[in-house]
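This report concerns salt bridges, cavities and cysteines. Please consult the sequence and the structure shown below while reading.

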Amino acid sequence: MTSPPPPRQRPAWEALEAHHVEVASLHLRDLFAANPDRGQRLRAEAEGLYLDYSKNRITDETIGLLLDLARESNLAGRRDQMFRGDHVNVSEDRAVLHVALRMPKGTSLVVDGVDVVQEVHAVLDQMAAFADQVRSGKWKGHTGKPIKNVVNIGIGGSDLGPVMAYEALRFYSQRDLTFRFVSNVDATDFVEAVRDLNADETLFIISSKTFTTLETLTNARSARAWLIDQLGDAAAVARHFVAVSTNAPSVAEFGIDTANMFGFWDWVGGRYSMDSAIGLSTMIAIGPEGFAELLAGFHAMDEHFRTAPFEENLPVLMGMIAVWNRDFFACPTVGVMPYDQYLKRLPAYLQQLTMESNGKHVSLDGTTVACETGPIYWGEPGTNGQHSFYQLIHQGTTVVPVDLIGFAKSLNPLGEHHDILSSNVFAQAQALAFGKTEDELRSEGTPEHEVAHRVMKGNRPTNVLLAEVLTPRLLGSLIALYEHSVFTQGAIWGIDSYDQWGVELGKVLAVQIIPELESGSEPVLSHDSSTNALIEHYRALKRKEDPDGDR
């Protein structure tokens with residue numbers, strides 16, 4: 001398959017640059033005034049998600065040109081390559097098959113001679129059997145007590161996915177079980193997570209594909225020591241630890257029964273793994289049936305992305321609008337504001353999904369990308385954000401496109417709370433789009449000395465995603481929507497959205513520096529002068545705090 005030319009050399013890109021000159025001066029007030037039905041036309045709906053993209057700085061011509069760019073970028077071809085298991089992760093020569101993790105039982109996808117769907121469901125069945133044992137109390141710890149606490153130890157996607165999913169689906173969780181998540185190698189994270197737990201009622205899930213991840217294994221060893229210290233027997237490890245890994249020898253050496261090791265594959269990237277065995281804590285929390293609903297939501301959006309025409313395709317539309325805002329309006333960030341407290345960890349999850357995927361400066365063939373890629377994603381739940389950073393979004397000098405996510409129904413209805421919450425979704429989108437002019441302020445009687453300070457220029461782009469209620473299925477569709485939007489953007493930029501070499505250099509240097517920080521060890525330093533000075537100052541502070549060198 002012939003690769004398309006670099007993005008800026010494609011005819012549709014050049015047409016979009018000329019088109020941007022025409023639309024850059026247009027205001028959303030004028031666009032809505034000229035097309036009163038704009039809000040009814042510039043929308044799309046699929047799998048329980050309603051997308052209103054009318055409050056972006058676009059016209060029908062913009063959308064047409066963006067979709068032309070998608071076609072010229074071979075988006076459909078690259079999408080089909082991913083779905084059939086081609087090695088689209090070119091730098092690591094791997095397939096990228098998170099979509100296989102949610103394909104229904106009985107379907108088939110053969111990759112490199114192996115039916116991966118059959119393997120996926122074998123692991124799902126193993127997970128379900130174990131989750132049922134823990135949830136029912138049949139799984140007993142070393143002293144014969146059932147498990148009451150589940151602690152997931154991982155980092156990156158092995159943490160962000162499970163913790164986001166647990167928080168999002170807490171309403172559906174088994175409430176007599178306590179869930180904690182440890183990711184940071186800072187000892188405080190582990191110590192605070194287990195401070196009020198009893199070891200004989202606690203299960204640790206160690207999530208590390210290779211079982212060598214420094215931060216995860218450091219926390220795992222501390223968990224092991226904590227358990228043995230309380231229970232006084234190393235044999236207890238086998239009843240209180242399970243592993244999500246592919247490294248059976250290391251798992252066994254740790255003391256975990258390999259019968260309680262849940263595997264996955266090299267075609268599962270960490271940030272795309274929450275619906276693999278990495279989701280074991282999620283399955284224990286919401287049950288195998290709830291997890292199956294989560295997977296069904298993922299799969300439904302996969303099929304929508306795979307089959308829907310571009311004009312009606314939610315991930316394609318969101319991805320192309322993201323490219324428009326990033327490359328033509330030079331917007332460096334995107335805010336994600338879920339108006340549901342259960343989704344409080346969604347922005348952090350999307351940070352990794354988007355920024356680790358598309359934070360790249362070279363194309364698939366290793367040449368430098370000649371356009372901007374990967375915007376910075378960030379956010380907080382509404383309405384909290386409105387009382388902290390929305391001031392900058394409304395009146396600051398940097399334009400921040402925003403995704404506002406709302407629900408028609410609350411899982412916890414209480415008086416007027418939900419209508420008040422939801423009113424802000426629509427009010428913020430309206431205020432960001434249309435703002436407030438000097439004339440409007442004066443007509444309202446605003447004192448003249450306040451007018452300039454109260455003007456809001458508007459013309460700030462938003463997407464509004466609206467759904468009925470947050471369910472496991474809806475969460476799956478929502479996450480898959482963002483996954484495929486990320487894929488769409490990467491296809492336009494011609495980058496590899498599935499490697500993450502930028503994570504590695506700091507890890508390598510940290511391993512070199514660790515011995516230089518340990519007590520009683522002060523080798524000669526050979527770093528740059530700044531790093532040397534920092535390490536020397538760190539050593540001095542350690543000596544001052546602990547003159548006997550006992551720690």
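D200 is buried, with a relative accessible area of 13%; buried means under 20% relative accessible area, exposed over 50%, and partly exposed in between (1.4 Å probe, protein chains only). This is a predicted model, in which local features need pLDDT of at least 70 and side-chain atom pairs count only at pLDDT 80 or more, while totals for chains, interfaces and linings use all residues. Residues are numbered from 1 along each chain as its sequence is written, and side-chain values use heavy atoms, with hydrogens and water left out.

D200 forms a salt bridge with K145, that is, a side-chain nitrogen of Lys or Arg within 4 Å of a carboxyl oxygen of Asp or Glu. D200 lies in the loop between α8 (187-194) and β7 (202-207), and K145 in the loop between α6 (116-136) and β5 (149-153), so the pair ties together parts that are 55 residues apart in sequence. Helices (H or I, at least four residues) and strands (E, at least two) are DSSP runs, numbered from the N terminus. K145 is partly exposed, at 38% relative accessibility.

The structure holds 30 salt bridges, among them the following.

| Pair | Closest N and O atoms |
|---|---|
| D200 and K145 | 3.2 Å |
| E167 and R170 | 3.1 Å |
| R543 and E522 | 2.4 Å |

R543 sits in helix α21 (residues 529-545) and E522 in the loop between α20 (504-517) and α21, 21 residues apart. R543 is partly exposed at 43%, as is E522 at 48%. In the pair of E167 and R170, E167 is buried at 13%, whereas R170 is partly exposed at 30%. A network of salt bridges links R102, D275, D302 and E483.

D275 also appears in the lining of the second largest cavity, together with residues including L101, W265 and A277.

How many disulfides does the structure hold? There are zero, a disulfide being a pair of cysteine sulfur atoms within 2.5 Å. The sulfur of C331 is 15 Å from the closest cysteine sulfur, in C371, and therefore too far for a bond. Both cysteines are buried, C331 with a relative accessible area of 5% and C371 with 13%.

Definitions and conventions
1 Å grid on protein atoms, 1.4 Å probe; cavity = no way out; pocket = protein on both sides within 12 Å on 5 of 7 lines; lining within 4 Å.
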